[in-house]
Amino acid sequence: MALGVPSVRDGVPPVHEAIAAAVAAGTPAVSFEFFPPRDDAAADRLWTAVRRLESLQPTFVSVTYGAGGSTRDRTVRITRRIAEETTLTPVAHLTCVASPRAELRRVVGAYADAGVRSVLALRGDPPGGPGAPWTAHPDGLDHAEDLVRLVRGLGDFSVGVAAFPDGHPESSGPDQDAQVLLAKQRAGATFAVTQFFFDPAAYLRLRDRAAARGCDLPIVPGVMPVTDVRQVRRFAELSGTPLPAPLVDRLERVADDPVAVRAVGVEAATALGERLLAEGAPGLHFYTLNSSTATTEIYEALGLSRRRRAGPGKMPG
Ligand code: FAD
């Protein structure tokens, strides 16, 4: 069944083509990730961040899909609003958690009606939280790879998937992480975005392992600007991402000074981004945490305005 992908965004290239065009022009693709707000005050913060970051003309922005389905309607509403009221290209996250296939098809239909042509197809964390055993809905899907097939079967969508430089917590090891990425590509995925990480070598190892198996998806590294020590510790624990001891030491030394913490986080993320782009990463995906400040500071420190205007060979400085 083809839903007939809508005309609202006709003329806007699918996300994987926009990434490929950026890479071909020698300019990094840039994307920003947001999450659905819980209340009106948080919604104001989100839209302020969206509007500020819109001026940086990202390649795409994405909106997460709540764990266990908690924010599904809000995710669809926000993604629709981004498609209708901004100049941004939205990528809608979608997970298999607790959803029969019919519901997944309905949500994809809602995204299509909203003018969304790109979906990040994810399995989602187990309903009991990361670390709990995964149980699929009896009429649902077991793996992201199955969701990629479902979405591709519904229309002409650009479908992204998750990748894990430090390994997925349930995977048997780096070979499986690379093999799963290849399986997602074979199912129809056209780009990948990674979990946040701090060691550039972890990204390069995953990219090289996947490439050695024949996976040529653009793998956009996810960068998390650290602005809060406790928060990043919690995220790292949930995702299984190692926090480098020297970074933790630097953050702990200034833990009582939020401005200094952000400065350390921005400096670390800038160094990581610099190395990744130098190593040929196709771009950077920023976990904005619905705030524009740290993301903008990293963007500027990396000279991305200039690099993206100027094309290849023009380094910041
Ligand atoms: P899968 O690819 O299905 O992998 C899950 C596990 O199963 C892995 O260990 C994998 O190795 C294994 N596996 C995969 N395929 C097979 C197979 N065929 N046979 C055997 N084993 C297999 N979560 C949300 O709830 N909402 C979001 O919006 C969201 N956004 C995210 C965005 C990004 C960029 C990333 C990196 C993660 C995001 N997550 C989100 C978290 C993600 O849903 C979890 O990390 C989840 O546990 C794994 O999702 P996946 O799509 O990689 O699943």
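Trainee: Which residues of α10 meet which residues of α11?

Mentor: In this predicted model, Arg262, Val266, Ala269 and Thr270 of α10 meet Thr293, Ala294, Glu297, Ile298 and Ala301 of α11. Sorted by kind, the residues of this contact are five nonpolar, two polar and two charged.

Trainee: What makes Arg262 and Glu297 count as charged?

Mentor: Asp, Glu, Lys and Arg are the residues counted as charged, so an Arg and a Glu both belong there.

Trainee: How are two packed helices described?

Mentor: By the angle between their axes and the distance between the axes. Here α10 (residues 258–278) and α11 (residues 293–301) pack at about 45°, with axes 9 Å apart.

Trainee: Why is α10 called oblique to α11?

Mentor: Good one! Roughly parallel needs an angle under 35 degrees, and roughly perpendicular needs 65 to 115. The angle of about 45° fits neither range and is not over 145, so α10 is oblique to α11. The crossing of α10 past α11 is right-handed.

Trainee: And what about helix α4, at what angle does α4 run to β3?

Mentor: Helix α4 (residues 101–113) lies across β3 (90–95) and β4 (118–122), and runs at about 170° to β3.

Trainee: How do you know that β5 and β6 pair?

Mentor: Pairing takes at least two bridges. Strand β5 (residues 158–163) and strand β6 (residues 191–196) have four, in the parallel sense, so they pair. As one example, glycine 160 has phenylalanine 191 in β6 as its bridge partner.

Trainee: Which sheet do the strands form?

Mentor: A closed barrel of eight strands, running β1-β2-β3-β4-β5-β6-β7-β8 with parallel pairing. Its neighbouring strands are turned by 30° against each other on average, direction ignored.

Key: Residues are numbered from 1 along each chain as its sequence is written. This is a predicted model: local features need pLDDT of at least 70, side-chain atom pairs count only at pLDDT 80 or more; totals for chains, interfaces and linings use all residues. Side-chain values use heavy atoms; hydrogens and water are left out. Helices (H or I, at least four residues) and strands (E, at least two) are DSSP runs, numbered from the N terminus. Axes are lines fitted to C-alpha atoms, for helices over the stretch in contact, and angles run from 0 to 180 degrees between N-to-C directions. Contact means heavy atoms within 4.5 Å. A crossing is left-handed if the near helix is turned anticlockwise from the far one by less than a right angle, and right-handed if clockwise.
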